[in-house]
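This report goes through the surfaces, the symmetry and the core of the structure shown below. A small table compares like items.

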2 protein chains.
Amino acid sequence: MPSEPQSKYDQKLVHVLKTSARVFADKGYHSTSMRDISRATKMSLSGLYYYFKSKEELLFLIQDYCFSTVIDECHRLLTGVDDPVRRLKLLIENHLNYFVHNMSEMKVLSHEANSITGDLFRKINIRKRRYVDLVISLLDELARRYQIKGVDTRVATLLLFGMMNWSYNWYNPRKDVDVAGLSNHVTRLFLSGFLGDTALEAGGFEAGRESHLAREVSIWEQ
Amino acid sequence: MPSEPQSKYDQKLVHVLKTSARVFADKGYHSTSMRDISRATKMSLSGLYYYFKSKEELLFLIQDYCFSTVIDECHRLLTGVDDPVRRLKLLIENHLNYFVHNMSEMKVLSHEANSITGDLFRKINIRKRRYVDLVISLLDELARRYQIKGVDTRVATLLLFGMMNWSYNWYNPRKDVDVAGLSNHVTRLFLSGFLGDTALEAGGFEAGRESHLAREVSIWEQ
DNA sequence: CGATCTTTCGAACAAGTGTTCGATGATAGA
DNA sequence: TCTATCATCGAACACTTGTTCGAAAGATCG
């Protein structure tokens, strides 16, 4: 996500954000003191406040940066793809891929969503709502195309996010299946559940072979 | 869960637990001070410590009481039921039913799982592990019976818990579908996803008609 | 060098934290 | 009524919290 030439300031800010995210993920936002952050970043306590003006803004910056990246990459991936099944598949893969490779940030995003208040909370929530709405409308289109009836797409959407976001509670990259496998589990489980198996092979869905992820091992065929 | 004659002490303890759970659910465990609890329960600050010996033990008691109830009721429901599809269906219904009717406690259970440490944490985790293992073995049996291959049942189990537990983040009983509808969504989504639609009607699964829940409205047929 | 930013820091503050302790009222059995 | 146990409380303690402020060091450039 870097690759652009960043100022010394930006580089250090990002370093602080990443380090803080790790500490927040480990101990939880409220149990982490600014002195913990100071220790982890090897900066003085007061020095931190040059980069943000409150602990809450630090949390906001982490969440905002994280959310932006996921959403931007998601839109980048989806442009040009028309088939809704493929679109959903890509979205799930993108979400989980970022999740697994940035577990601290995503844990903070998932777990500390309500540790933020006021205007900052509102800002984050606008992003979140847009992301959720994207999935809802995607499911709406799916339901329209495949004549699915009687399904609350909002509920289905949030159940899908539940599957994905809850993973910060249990997913262990060293013991569990890898990202591609996880994506396949979620995609297959959700899609065939949602569509009732009517149109899985349609839409070019074949055991995740054409994923954008580097490592691809289908766990569904064998 | 009451119905047994409780001592004055027990009654008051339960009242404190329920009230505290509400406050913890609203503000979060760490952001809630013992003075907040004191205010909500209308007891003096020091008076609270007659019922538990630390804030953390208070959290433990809430989680322990909550977990026991869910698990006990689950075992009660499952005894005598052999068909694994029906068993899973009942388990999901029980979980979500308790979830929706005790949202504060379940939010505390889901969200504050790591706010507890040491021995108390270990105790809670034993219960949790047993509950998870129950579902895993249930999926194992399902997979065996219906010849499902290549699915990591642990992953599938935790995705299922993700769907259910994440709901504390979004489920609004006044706006969303009711408990029965929610259960049906989850059951249908997960089961037909997991089984790949091979054996849904087998095992007596028909749009949730035979649920143990009082109010039953299938959203899948119409 | 000297001047002007940018970045870092030590020390301190005011507020809030969980918990303890000794004492007081309530309750019930003798 | 005396007594022993249960239940409650006010006041205080020791400690941690996020944040501020003024000064100092580093960098940049004429």
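In this predicted model, the surface near DNA strand D has seven nonpolar, six polar and six charged residues. DNA strand D is surrounded by 19 residues, and the closest are Ser33(A), Ser46(A), Ser54(A), Ser46(B) and Gly47(B). Chain A contributes to this surface through α2 (34-41), α3 and α4 (55-78), and chain B through α1 (8-27) and α3, each with at least two residues.

DNA strand C also has 19 residues around it, of which Ser44(A), Ser46(A), Ser33(B), Ser46(B) and Ser54(B) come nearest. Here α1 (8-27) and α3 (45-48) come from chain A, while α2 (34-41), α3 (45-48) and α4 (55-78) come from chain B; each supplies at least two residues. The surface near DNA strand C divides into seven nonpolar, six polar and six charged residues.

How are the two protein chains related? A turn of 180° with a shift of 0.0 Å along the axis lays chain B on chain A with an RMSD of 0.0 Å. The two copies are therefore related as by a two-fold rotation axis. Within chain B, the residue closest to that axis is Gly193(B), whose C-alpha is at 2.1 Å. Both copies use the same surface, since 100% of the contact residues of chain B recur in chain A.

The contact itself takes 36 residues from chain A and 36 residues from chain B. On the side of chain B that touches chain A, α8 (153-165) and α9 (179-195) of chain B each supply at least two residues. The largest contribution to that side is from α9(B), with nine residues. By class, the side of chain B that touches chain A holds 16 nonpolar, 14 polar and six charged residues.

The largest nonpolar core has 97 residues; Leu159(A), Met163(A), Val186(A), Leu159(B), Met163(B) and Val186(B) touch the most other members. Leu159(B) reaches across to the other chain: leaving aside residues up to four places away in sequence, Leu159(B) touches Met163(A), His185(A), Val186(A) and Leu189(A). In soluble globular proteins, nonpolar side chains tend to be buried together.

Helix α7 of chain A covers residues 118-145, 28 residues in total, and spans 40 Å from its first C-alpha to its last, close to the 40 Å expected at 1.5 Å a residue. Its buried residues include Val135(A), Leu139(A) and Leu142(A). An α-helix has 3.6 residues a turn, so residues three or four places apart point the same way. Among the elements that cover the buried residues of α7(A) are α5 (84-101), α8 (153-165) and α9 (179-195) of chain A.

After α7(A) comes Gln147(A), with a positive phi near 60°. Most residues other than glycine have a negative phi. Gln147(A) is not a glycine, and Lys42(B) is another non-glycine residue with a positive phi. The table sets out both.

| Residue | Phi | Place | C-beta neighbours inside 10 Å |
|---|---|---|---|
| Gln147(A) | about 60° | loop between α7 and α8 of chain A | 8 |
| Lys42(B) | near 60° | loop between α2 and α3 of chain B | 8 |

Are these residues buried or exposed? Gln147(A) counts as exposed because it has 8 C-beta neighbours inside 10 Å. Lys42(B) counts as exposed because it also has 8 C-beta neighbours inside 10 Å.

Conventions
Residues are numbered from 1 along each chain as its sequence is written. Chains are lettered from A and ligands numbered from 1 in the order in which they are written. This is a predicted model: local features need pLDDT of at least 70, side-chain atom pairs count only at pLDDT 80 or more; totals for chains, interfaces and linings use all residues. Two residues are in contact if their C-beta atoms, placed from the backbone, lie within 7 Å. Helices (H or I, at least four residues) and strands (E, at least two) are DSSP runs, numbered from the N terminus. Ala, Val, Leu, Ile, Met, Phe, Trp, Tyr, Cys and Pro count as nonpolar, Asp, Glu, Lys and Arg as charged, and the others, Gly among them, as polar. Copies are superposed by least squares on the C-alpha atoms of residues with pLDDT of at least 70 in both. The expected span of a helix is 1.5 Å times one less than its number of residues. A residue is buried if 20 or more other C-beta atoms lie within 10 Å of its own, exposed if 12 or fewer, and partly exposed in between; C-beta atoms are placed from the backbone. A residue is near a molecule or strand if its C-beta atom, placed from the backbone, lies within 6 Å of it. A nonpolar core is a set of buried Ala, Val, Leu, Ile, Met, Phe, Trp, Tyr and Cys residues joined through C-beta atoms within 7 Å.
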